[in-house]
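Let's walk through this model together, starting with charged pairs and working inward from there. Keep the structure open beside you as you read.

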Amino acid sequence: MSAQPDHAPVTPYAPAPGAPAELLAQLRASDRADRWVPAFEQEWTAALEESRKTFSLAGLYEVVQVWQARVASASAVDAFLASGRDETGFVDLEEIRSRRR
């Protein structure tokens with residue numbers, strides 16, 4: 001028997017209490033602030049409204065986690081794009097699927 005009720009989902013990730021504010025400050029300082037800040041605020045507002053309806057913080061946690069990953073990977077994405085690597089030689093999975101039919 002579990003010590004946790006069946007109806008309470010386990011949230012694998014719980015950000016620090018100040019994480020959303022810190023994240024927003026990072027986004028505002030970013031070169032992408034003009035696009036990222038409104039997008040984050042829109043997603044945060046939607047998750048906050050859902051949280052009020054469902055009494056769950058999972059959506060808010062997910063927004064923070066996704067945006068932390070975007071911020072963390074931004075420099076790697078920029079470096080890849082700046083390298084001029086050609087992606088045209090990659091396998092087109094949709095083409096392979098259509099051949100199997």
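Four salt bridges are counted in this predicted model. One of them joins the side chains of Arg28 and Glu41, with N and O 3.4 Å apart. This pair links distant parts of the chain, since Arg28 sits in helix 1 and Glu41 in helix 2, 13 residues apart. Arg28 is exposed, at a relative accessible area of 51%, while Glu41 is partly exposed at 34%.

A second pair to look for is Arg70 with Glu43, whose closest N and O atoms are 3.6 Å apart. Arg70 belongs to helix 3 and Glu43 to helix 2, so this salt bridge ties together parts that lie 27 residues apart in sequence. Both partners count as partly exposed: Arg70 has a relative accessibility of 34%, and Glu43 has 30%.

Within helix 2 you will find another salt bridge, between the side chains of Arg52 and Glu49, at 3.5 Å from N to O. Arg52 and Glu49 are three residues apart in helix 2, which means that about one helical turn separates them. Arg52 is exposed, with 54% relative accessibility, and Glu49 is partly exposed, with 37%.

Now step back to the fold. The chain has four helices and zero strands, giving the pattern α-α-α-α along the sequence. Of its 101 residues, 19% are buried. The accessible surface comes to about 8,000 Å², and carbon and sulfur atoms hold 55% of that surface. Among contacts with a separation of 6 or more, 53% are between residues 24 or more positions apart.

Which residues of helix 1 are buried? In helix 1, residues 19-29, they are Ala19, Pro20, Leu23, Leu24 and Leu27. These residues lie on the same side of helix 1 because they cover an arc of only 130° around the axis. Ala21, Glu22, Arg28 and Ala29 are exposed on the other side of helix 1, so the Arg28 of the salt bridge to Glu41 belongs to that exposed set. The cover over the buried residues of helix 1 includes helix 2 (33-54) and helix 3 (58-82).

That brings us to the largest nonpolar core, which has 14 residues. The members that touch the most others are Leu23, Leu27, Trp36, Val37, Phe40, Val63 and Trp67. Helix 1, helix 2 and helix 3 each supply at least two residues of this core. Leu27 is a good place to zoom in: leaving aside residues up to four places away in sequence, Leu27 touches Ala33, Trp36, Val37, Phe40, Trp67 and Val71.

Next, move to the connection between helix 2 and helix 3, where Leu57 is found in the loop. Leu57 is partly exposed, at a relative accessible area of 43%. Its C-alpha is 8.8 Å from that of Ala14, although the two are 43 residues apart in sequence. Ser51, in helix 2, counts as buried at 12% relative accessibility. Not counting residues up to four places away, Ser51 touches Ser56, Leu57 and Leu60.

Finally, a word on confidence. The average pLDDT of the chain is 84, and 75% of the residues score at least 70. Confidence is highest in helix 2, at a mean of 96, and lowest in helix 4 (residues 93-100), at 68. Where pLDDT is low, the predicted coordinates should not be read in detail.

Note on methods: Residues are numbered from 1 along each chain as its sequence is written. This is a predicted model: local features need pLDDT of at least 70, side-chain atom pairs count only at pLDDT 80 or more; totals for chains, interfaces and linings use all residues. Side-chain values use heavy atoms; hydrogens and water are left out. Buried means under 20% relative accessible area, exposed over 50%, partly exposed in between (1.4 Å probe, protein chains only). Contact means heavy atoms within 4.5 Å. Accessible areas come from the Shrake-Rupley method with a 1.4 Å probe; for residues, only the protein chains shown count as cover. The arc is that of the directions from the helix axis to the C-beta atoms. pLDDT is the predictor's confidence in each residue, from 0 to 100. A nonpolar core is a set of buried Ala, Val, Leu, Ile, Met, Phe, Trp, Tyr and Cys residues joined through side-chain atoms within 4.5 Å.
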